[in-house]
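This report walks through one protein chain, from its overall form to a few local details. Please keep the sequence and the 3D view at hand while reading.

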Amino acid sequence: MGLDPGLRRLALGTLLAAYPGPVPPDWAVELVADGLAGHTLFGTNVHDPAQVAASTAALRAGRADVLVAIDEEGGDVTRLAHATGSPYPGNAALGAVDDTALTRQVYAAIGAELAALGVTVNLAPTVDVNTADENPVIGTRSFGADPARVAAHSAAAVAGLQATGVAACAKHFPGHGATVADSHHELPTVDASPAVLRERDLPPFAAVIGAGVRAIMTAHIRVPALTGDGPATFSRAVLVDLLRREYGFTGTVITDALEMKGAALAAGGVGPAAVLALAAGADLLCVGAKVDAALVEHVAVEIVTAIEDGRLDRARVEEAAGRAAALAAWTRAAGAAAATPADLGYAAARRAVRVEGDVTGLGRPLVVQVHAAATIAEGRVPWGLGPHLAGLEEVRVVAAEIEPTELGRLAAGRPIVLVGRHLHRLPGGTTLVDALAAAYPVTVVEMGWPGRWRPTGVRAFVTTFGASHANGRAAAEALGLI
């Protein structure tokens, strides 16, 4: 016996799928026509603006109210500018500037760009309070470590984005900022009481709910006091009791990607994860990036089977699909914001740069960029000072594999500018900095989360609070290298 068509359509109405390449394949459009809630765009789907606009138009040909989502945070996480780096600074830089009007402007600019391309949901802003300096996945995606500052900027970001008619999705509830593990690879644990969460992690979520945020994304993190052994994505105590009843959220709950190890391993696969997330109170299930028609049908079968055998209440799935549809209806009805200055992101990045020490008279230094692996959330996006150096010599090294004397030989008496991301966390990073500082005139540029680490003996220490194209240009300007 085949799958019940009505139940299949209902199940599809709770799913955000994805597809490979720059052109939506026929199956991706056909699933939309069959009731699929929508698709998420990733870097592999983006070549240029005209192509993206054509892709979203093709999806809307399947159904006019299809949701088209994207992770366009600005800063280190960009899909539209994955080939060059974002022209906007990320949240850490905006938090460092601490001008909520600027934050609203930047997010309105991002939203206007998305709206023009036919994107209806931005899986942003990240509103996690980055209280763990060693956090491997949030870091510069956060507005900072102070809950009040993060709350103020999170509300401003939501207001700016949604003024353009693009729905904001604040993430990652109930807060991913205190983790020292990446939920793409494992299930992190935040061993905190509900009281600590309310004081430290939850104020930004209260702020965005107050600002009318249309969607909130779940975190694949374990909070034993609330979730037991499973992730928040599968916890009614988190999604219903805390988010909806205590904090009064009435919008759409979107899961982080179910293919991530923090969810898939905990559930035994993407299909079972979908069932557990719906049962817990999630409405729109982000399947992930590596999706094909077979996987979407598999997840739909899992949901329908769970309805038929009583593990999942049909009314709960209807509620979820209804909230996904309401999100789509809002994006079609919302208005658009006015245009913003073209140089806005670069001007904002300049305001975020912090200089400790003397950066005058560098002349034509040797620029050394220290390799740092990207997270899955960031992807392989260019970063650093390279595009802005106007012919200056730049070398790229691995901290643990380069001898300081070799860099000294290459510098040949010139000052050295050492550029890195999270230098204090890289194997050999602090050793390299210390050795160079002891023997040569060195300026260190930190483009990751600076935390409390400061190098000693250097000529200057420059922090950008992000590694976007805009952050790189701002640093190069501050050093007088443009």
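Contact here means heavy atoms within 4.5 Å. The model is a predicted one, and the description begins with a single helix before turning to the chain around it.

**Helix H5 and what covers it**

Using contact in that sense, what covers the buried residues of H5 includes helix H3 (49-62), strand E3 (67-70), helix H4 (91-97), strand E4 (121-122), helix H6 (147-162) and helix H15 (344-352). The buried residues themselves are Leu102, Thr103, Val106, Tyr107, Ala108, Ala109, Ile110, Gly111, Leu114 and Leu117. Because an α-helix has 3.6 residues a turn, residues three or four places apart point the same way.

The length of H5 can be checked against expectation: at 1.5 Å a residue, the 18 residues of this helix (residues 100-117) should span 26 Å, and the end C-alpha atoms are indeed 26 Å apart, which agrees. At the N-terminal end, Asp99 caps H5, with a side-chain oxygen lying 3.0 Å from the backbone nitrogen of Ala101. After the helix comes Gly118, whose phi is positive, near 90°.

**Helix H6**

Helix H6, one of the elements that cover the buried residues of H5, is itself mostly covered, since twelve of its 16 residues are buried. Among them are Pro147, Val150, His153, Ser154, Val158, Leu161 and Gln162. The same check on length can be made here: at 1.5 Å a residue, the 16 residues of H6 should span 22 Å, and the end C-alpha atoms are 22 Å apart, which agrees.

**The chain as a whole**

Stepping back, the secondary structure of the protein chain comes to 18 helices and 14 strands. With 482 residues, a compact globule would have a radius of gyration near 23 Å, and the protein chain has 23 Å, which agrees. Along the principal axes, the C-alpha atoms fill a box of roughly 80 × 50 × 40 Å. Buried residues make up 60% of the 482 residues, and the accessible surface comes to about 17000 Å², of which 54% belongs to carbon and sulfur atoms. Among contacts between residues at least 6 apart in sequence, 76% join residues at least 24 apart.

In soluble globular proteins, nonpolar side chains tend to be buried together. In this model the largest nonpolar core has 99 residues, of which Ile216, Leu285 and Ile303 touch the most other members. Leaving aside neighbours within four places in sequence, Leu285 is in contact with Thr14, Leu15, Leu16, Thr255, Leu258, Ala274, Ala277, Leu278 and Ile303. A second, separate core of 45 residues includes Ile402, Leu407, Val445 and Ala475.

**Buried residues in loops**

Is Arg141, which has 6% relative accessibility, buried or exposed? The cut-off for buried is under 20% relative accessible area, and at 6% Arg141 therefore counts as buried. This arginine is placed in the loop between E4 and H6. Not counting neighbours within four places in sequence, the residues in contact with Arg141 are Glu73, Val77, Asn91, Thr126, Lys171, His172 and Ala377. Its C-alpha atom is separated by 17 Å from that of Asp99, 42 residues away along the chain.

Val381 is placed in the loop between strand E10 (366-370) and strand E11 (394-397), and with 14% relative accessibility Val381 counts as buried. Although Val381 and Thr84 are 297 residues apart in sequence, they are 6.7 Å apart in space, C-alpha to C-alpha. Val381 touches Thr78, Ala81, His82 and Gly85, when residues up to four places away in sequence are not counted.

**Backbone details**

Two cis peptide bonds and two positive phi angles outside glycine are set out below.

| Site | Feature | Value |
|---|---|---|
| Ala124 and Pro125 | cis peptide bond | omega about 5° |
| Phe173 and Pro174 | cis peptide bond | omega about 5° |
| Ala390 | positive phi, not a glycine | phi about 50° |
| Phe465 | positive phi, not a glycine | phi about 65° |

Pro125 is placed in the loop between E4 and H6, and Pro174 in the loop between strand E5 (167-173) and helix H7 (194-200). Ala390 is found in the loop between E10 and E11 and is exposed, with a relative accessible area of 66%. Phe465, by contrast, counts as buried at 17% relative accessibility, and its place is in the loop between strand E14 (460-463) and helix H18 (469-478).

Methods. Residues numbered from 1 in each chain as written. Predicted model: local features only at pLDDT ≥ 70, side-chain atom pairs only at ≥ 80, totals over all residues. Heavy atoms only, no water. Helix = DSSP H or I, 4+ residues; strand = E, 2+ residues; numbered from the N terminus. Expected span 1.5 Å × (residues − 1). Buried < 20%, exposed > 50% of the residue type's maximum accessible area, 1.4 Å probe, protein only. Polar contact = N/O pair within 3.5 Å; in protein donor to acceptor, adjacent residues only side chain to side chain. Rg over C-alpha atoms; globule rule 2.2 N^0.38 Å. Areas by Shrake-Rupley, 256 points an atom, 1.4 Å probe, with all protein chains shown as cover. Core = buried A, V, L, I, M, F, W, Y, C linked by side-chain atoms within 4.5 Å.
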